[in-house]
Amino acid sequence: AASNILLIGGNAKLHNFKTRFEKEIRQFVPDVFPMTVHLPEDPDTYAWKGAHLFAVNEQRRGTLLTKQMVSKQQYLENGHQFCNKR
């Protein structure tokens, strides 16, 4: 079930989009599950900024991305289950 939903992109800036989205998605998520919909101040650039922070931190530490990456060779040798382990 959905618990945290992040609205990004230009469409998220449409008038009452968050309210309409919450109302419509709630029809598919039972009331027993908590659901929070987040709308950042600037949904147009939010994903880019998050990727930028990830890349900057990766350059500093050099480990997070490396631990999550799966090479084509690893995928071909181990299949999609290897991705789940990462």
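Leaving aside neighbours within four places in sequence, with which residues is Leu7 in contact? In this predicted model, Leu7 touches Ala12, Phe17, Lys18, Phe21, Val37, His38, Leu39, Pro40 and Pro43. Leu7 also belongs to the largest nonpolar core, a set of 6 residues that further includes Ile5, Ala12, Val29, Met35 and Val37. Two of the contacts of Leu7, namely Ala12 and Val37, are thus listed in this core as well. In soluble globular proteins, nonpolar side chains tend to be buried together.

Phe17, another contact of Leu7, lies in helix α1. With its neighbours within four places in sequence left aside, Phe17 is in contact with Leu7, Asn11 and Ala12. The relative accessible area of Phe17 is 24%, so this residue counts as partly exposed; buried would require a value under 20%. Phe17 and Asn57 are 40 residues apart along the chain, and their C-alpha atoms are separated by 32 Å.

The chain as a whole has 5 helices and 2 strands. From the N terminus on, these elements follow the order β-α-β-α-α-α-α. The C-alpha trace spans about 45 × 30 × 20 Å along its principal axes. The radius of gyration is 18 Å, whereas a compact globule of 86 residues would have a value near 12 Å. Of the 86 residues, 12% count as buried. The chain exposes about 7100 Å², and carbon and sulfur atoms supply 55% of this area. Among contacts between residues at least 6 apart in sequence, 49% join residues at least 24 apart.

Charged side chains were examined next. Side chains of opposite charge can pair when their charged atoms come close. A search of the whole structure finds 1 salt bridge. Lys13 and Asp44 form a salt bridge in which the closest N and O atoms are 2.8 Å apart. Lys13 is placed in the loop between β1 (4-6) and α1 (17-26), and Asp44 in the loop between β2 (36-38) and α2 (46-61); the pair therefore ties together parts that are 31 residues apart in sequence. Lys13 has a relative accessible area of 52% and is exposed, because the cut-off for this class is over 50%. Asp44, with a value of 43%, is partly exposed.

The loop between β1 and α1 also holds Asn16. This residue has a positive phi of about 60° although it is not a glycine. Asn16 is partly exposed, its relative accessible area being 44%.

Nonpolar side chains are also found on the surface. Phe54, Leu64, Leu65 and Met69 form a nonpolar patch there, and together they have about 310 Å² of accessible area. Within this patch, Met69 is located in the loop between α3 (64-68) and α4 (72-78). The relative accessibility of Met69 is 45%, so Met69 counts as partly exposed.

Further along the chain, Lys85 is part of helix α5, which covers residues 80-85. Lys85 counts as exposed, at 71% relative accessibility. Between Lys85 and Asp31 the C-alpha to C-alpha distance is 32 Å, and the two residues are 54 apart in sequence.

Notes:
Residues numbered from 1 in each chain as written. Predicted model: local features only at pLDDT ≥ 70, side-chain atom pairs only at ≥ 80, totals over all residues. Heavy atoms only, no water. Helix = DSSP H or I, 4+ residues; strand = E, 2+ residues; numbered from the N terminus. Buried < 20%, exposed > 50% of the residue type's maximum accessible area, 1.4 Å probe, protein only. Patch = residues over 30% accessible without salt bridge, like charges linked within 9 Å, V, L, I, M, F, W, Y side chains within 5 Å. Areas by Shrake-Rupley, 256 points an atom, 1.4 Å probe, with all protein chains shown as cover. Salt bridge = Lys/Arg side-chain N within 4 Å of Asp/Glu carboxyl O. Core = buried A, V, L, I, M, F, W, Y, C linked by side-chain atoms within 4.5 Å. Contact = heavy atoms within 4.5 Å. Rg over C-alpha atoms; globule rule 2.2 N^0.38 Å.
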